[in-house]
Amino acid sequence: MAHLSESIPAPAHNLGPLWGFFGEGDRTQWQWEAPTSRNSRESSAPALPAWLVEWDTSSPTATEPVPSKESTGKVVEETSSPERSIIDFRTMLRAAHPYEVLHICDEFNQRFKQSLSLGLVSEETIYNALSTVSEDIRLAFSKSDLVRDRHLLSFYQAFWDGLVTCKVLQPADLDAKIFIRFLSCVRRLSIRPEVHILFHGIIQAASITQLAKMSTGLNSLAKSWSRSWLHEQPIGDSELSFMAAQRALSESANKLLYLHNLTNARDTDLDNRHDFSMLRRVLREAKGSFDYTLEAILEAEKVIMPLKASIDALSNVLSYLPSNLLHPLLHSCTNYIITMYNSMETPKADLYYGWLSLVAKLPELHDRAFVKIIKQMEKCKGTSRHSIPSDIVLSRWITRGHISQGALVRNTFEISTLECGSSDPEFLLLAIDRHREGVFNKTKALFKLLCDLGRYKDVYKILVGMRRLRMKVPIDIIAPTIKTASRYDPKFAYSIYQLCLRLCVDKRPYLNPNFILPMIHHRGFQPQTIWKLLRIPIYDDLKRYERSQFSGKRLSPFMTKLITKVAIAFAHSDARPQRVAFRNVLQCLHHLRRHNAPITSDLTRAISHAGFTRKIIAGRWISKEQLSWALGLIELAEGTEVAIITEKAVTYWNEQLEAKQQKEARESNVLRVGPIN
């Protein structure tokens, strides 16, 4: 019944309650009974393994077989705890012959790695093992630093592989003190590519909380890593990378040859979409092969030039740090680099440029912090006069994602550097322009960086170089560059302006008060230069009929305000004599009148200051004709009351000055010669 009921499927409808209506139905009464145990039969399943049977047992019981003498060593090895394995390893390592040490270390590394992977090692044991085992390995291989570091690295790598592959606890779940101890142990090794990979794995696997507690160790790590740049690093084998590049280059050449043949064969019947799509596909495949070739060459370059590889590796490690940990670390390490650089009799440029390259390759570092570190590095002796290397600027743009084809741009720039023998920034901009990476935006970004650093002379040099290379400058780059340079030196800003005019298509005058007003207060500029910059004719040079003629073109409100500001600047400028200042204020007045612009109170106050106040300060006489002419303008712009007050003040000054002069004349005429009065 049971067998049949399992094989026959249940009906689609529940007809169970209907069975009771049929008389010939089964009347058997079912009753529940307690289950009974089956007869024990000898199982045919294989016996459990010994390690599972002996789980959590310390001594063999009566039912367990006593291991034989031949298998004693194996059983002890299988059932020994990780703590016991560490003790046995230390004992064996101290008593072993030199030719046995390598085998003992390798065997222990595999056993300890397996224990870590199974989650059998406690955190306290892990913490202690890092110190004790490391110290024993150092003592065993104390005669050779290279051999010692190689065996220590093997132990640390096995240790880390066991932690990473553990299914019970992940590295992020461990106590931070284990990471701190592990980091301090690995940091004592000589910096090598294998150590780079191990450091990268440690920082990548640690949580933010663990990283915060490791800040001191990370700081020491970055300092020791940068200190390794002072020593010559061994060159690796780049044969594999060059072989890969050669294969990719050969494949690219075949693709181009196929494309050339395809074009020659179909140059007359390329009239359908299929043929053009095939050409595009082959061209895309050839370009992909060239890109792969370039990447292989760059990998070979890292092997041949290990300093670049070390800088890239450290930047990858530090890129995992959050901002609140990264910025203090960079500040501390930058001061350390400066101190170390200045303490050397012959400083190595690799240390200076290496640290700047590292900082440029950190993607999460914002621009303000980048500029701050560059300014901080100017404390290195002899480096303040150097310009920022172009490859560092390029690395910064590639890291920030401002350039999509970074490898190609770098390759083009380095080729032009080799051909011209110069790595000036204008060649970098030319390489960017050739690859259509937005040279105008990059020029603005470069000029902004240089202006933030106060390197205005570098801006001028780049403009000269761009003119030599016949490159155009974006129109909207003039304003921010000249505005910032005017604070530094108005004369230098004017030189930049003249260069920009020659390089730009737009020849309109640059009418910015932040640029023009400092020129008025600078003794190096003649007033004629300023009016020529404003493109305003000098009133005295106009012919008589031109002076009385009104211009049909009205001034804009911006231009009216600018001319008024120019008048005020001339009136208060200590770089101009009173007579020159007053004549230039009148030049502003005549230009406004010629264009029917309104005369404001600011302009009349500038006239009063240049014509009256500066004369009073100098102790000079104010003529009645000048006073009468100025009072008409003051009354028109400021009202009759102000004009009356001004007239009384000037008249009182003239009377006091006349009385003073008469008194001085009488006192100087001791013999009373001549008229009494």
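Let me begin with two helices, H22 and H23, which are oblique to each other, and I should say at once that what we are looking at is a predicted model. Two packed helices are described by the angle between their axes and by the distance between those axes. Here, helix H22, covering residues 456-468, packs with helix H23, residues 478-488, at an angle of about 135°, and their axes are 10 Å apart. That angle counts as oblique because roughly antiparallel would need a value over 145 degrees. The contact involves Tyr456, Lys457 and Val459 on the H22 side, and Thr481, Thr484, Ala485 and Tyr488 on the H23 side. As for handedness, H22 passes H23 in a left-handed crossing.

Next, please turn to helix H9, residues 193-205, whose 13 residues reach 19 Å from the first C-alpha to the last, close to the 18 Å expected at 1.5 Å a residue. Which residues of H9 are buried? They are Val195, His196, Leu198, Phe199, Gly201, Ile202 and Ile203, and these buried residues pack against several other helices, H7, H8, H10, H11 and H14.

Finally, let us consider a single residue, Ser332, which lies in helix H15, residues 323-343. Is Ser332 buried or partly exposed? Its relative accessibility is 22%, and so Ser332 counts as partly exposed, since buried would require a value under 20%. If we leave aside the neighbours within four places in sequence, Ser332 is in contact with Asn219 and Lys223. Ser332 and Asn219 are 113 residues apart in sequence, while their C-alpha atoms are 7.7 Å apart in space, and a polar contact of 3.2 Å joins their side chains.

Technical notes
Residues are numbered from 1 along each chain as its sequence is written. This is a predicted model: local features need pLDDT of at least 70, side-chain atom pairs count only at pLDDT 80 or more; totals for chains, interfaces and linings use all residues. Side-chain values use heavy atoms; hydrogens and water are left out. Helices (H or I, at least four residues) and strands (E, at least two) are DSSP runs, numbered from the N terminus. Buried means under 20% relative accessible area, exposed over 50%, partly exposed in between (1.4 Å probe, protein chains only). Contact means heavy atoms within 4.5 Å. A polar contact is a pair of N or O atoms within 3.5 Å; within protein, one must be able to donate a hydrogen and the other to accept it, and residues adjacent in sequence count only if both atoms are side-chain atoms. The expected span of a helix is 1.5 Å times one less than its number of residues. Axes are lines fitted to C-alpha atoms, for helices over the stretch in contact, and angles run from 0 to 180 degrees between N-to-C directions. Angles under 35 degrees count as roughly parallel, over 145 as roughly antiparallel, 65 to 115 as roughly perpendicular and the rest as oblique. A crossing is left-handed if the near helix is turned anticlockwise from the far one by less than a right angle, and right-handed if clockwise.
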